[in-house]
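Reader: I'd like a close look at one part of this model, the largest nonpolar core. Which residues touch the most other members there, and which elements feed into it?

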Amino acid sequence: MHAIAAILGLYLAAKFVPGVEFYGTYLSLIFIGILLGLANFFIKPIVKAISLPAIILTLGLFSIIINMAFVWIIADVLFPETMEIAGIIPLFWTTVIIWILSLILGLHSHAKSD
C-alpha cells in the first residue's frame, strides 16, 4: 500500500501542485514511487524511533518533517532529472497528498480484512 500511495501521490502532485514537475516516463514514476514506498515501510520506522524525543516534544509535528525529508531525498535529490520539487511549500503539499492517500488506502485495506 505504501508504494501505491507514493506512486499515485507523486502523480497527483505533479498534476495539481504548482512547483512540482515530472519529466520522466510513467515507468520512472512507478520506480520512484516503489522506492519511496519501500523506504517508508523499512527505513522510516527506524528514523521515527531514533527521533522519538523530537516527535514527543513537538506533539507529533516532527513526523511531517521526517515525511517531507523522505519525499525530498527520494523524489528530488536522487532523481533530479526526473522530478523537481521547487520549494518547501510544494514539498509540503506533495507529502500531504501522499499521506492522505496512504491513510485512505490503509483504511480501505483494514476494512476489507474484517
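**Inside the core**

Author: Okay, here goes: in this predicted model, the largest nonpolar core has 24 residues, and Leu10, Val20, Ile32, Leu36, Val71, Ala75 and Ile85 touch the most other members. A nonpolar core here is a set of buried (under 20% relative accessible area, 1.4 Å probe, protein chains only) Ala, Val, Leu, Ile, Met, Phe, Trp, Tyr and Cys residues joined through side-chain atoms within 4.5 Å. Two or more residues each come from helix 1 (2-16), helix 2, helix 5, strand 2 (83-85) and helix 6 (88-113); helices are DSSP runs (H or I, at least four residues), and strands (E) need at least two. Helix 5 gives the most, with 6 residues.

Now zoom in on Leu10. Leaving out residues up to four places away in sequence, Leu10 touches Leu29, Ile32, Gly33, Leu36, Ala75, Met83, Thr94 and Ile98, where touching means heavy atoms within 4.5 Å.

Helix 1 and helix 2 pack at about 130 degrees, axes 7 Å apart. That angle makes helix 1 oblique to helix 2, since oblique covers whatever isn't under 35 degrees, over 145 or 65 to 115.

Helix 2 (residues 26-42) also meets helix 5 (residues 62-77), with axes coming within 10 Å and crossing at roughly 145 degrees. Ile32, Leu35, Leu36, Ala39 and Asn40 of helix 2 make that contact with Phe70, Val71, Ile74 and Ala75 of helix 5.

Housekeeping: numbering starts from 1 along each chain as its sequence is written. Local features need pLDDT of at least 70, side-chain atom pairs count only at pLDDT 80 or more, totals for chains, interfaces and linings use all residues, and side-chain values use heavy atoms, without hydrogens or water.

Note on methods: Axes fitted to C-alpha atoms, helices over the stretch in contact; angles between N-to-C directions. Buried < 20%, exposed > 50% of the residue type's maximum accessible area, 1.4 Å probe, protein only.
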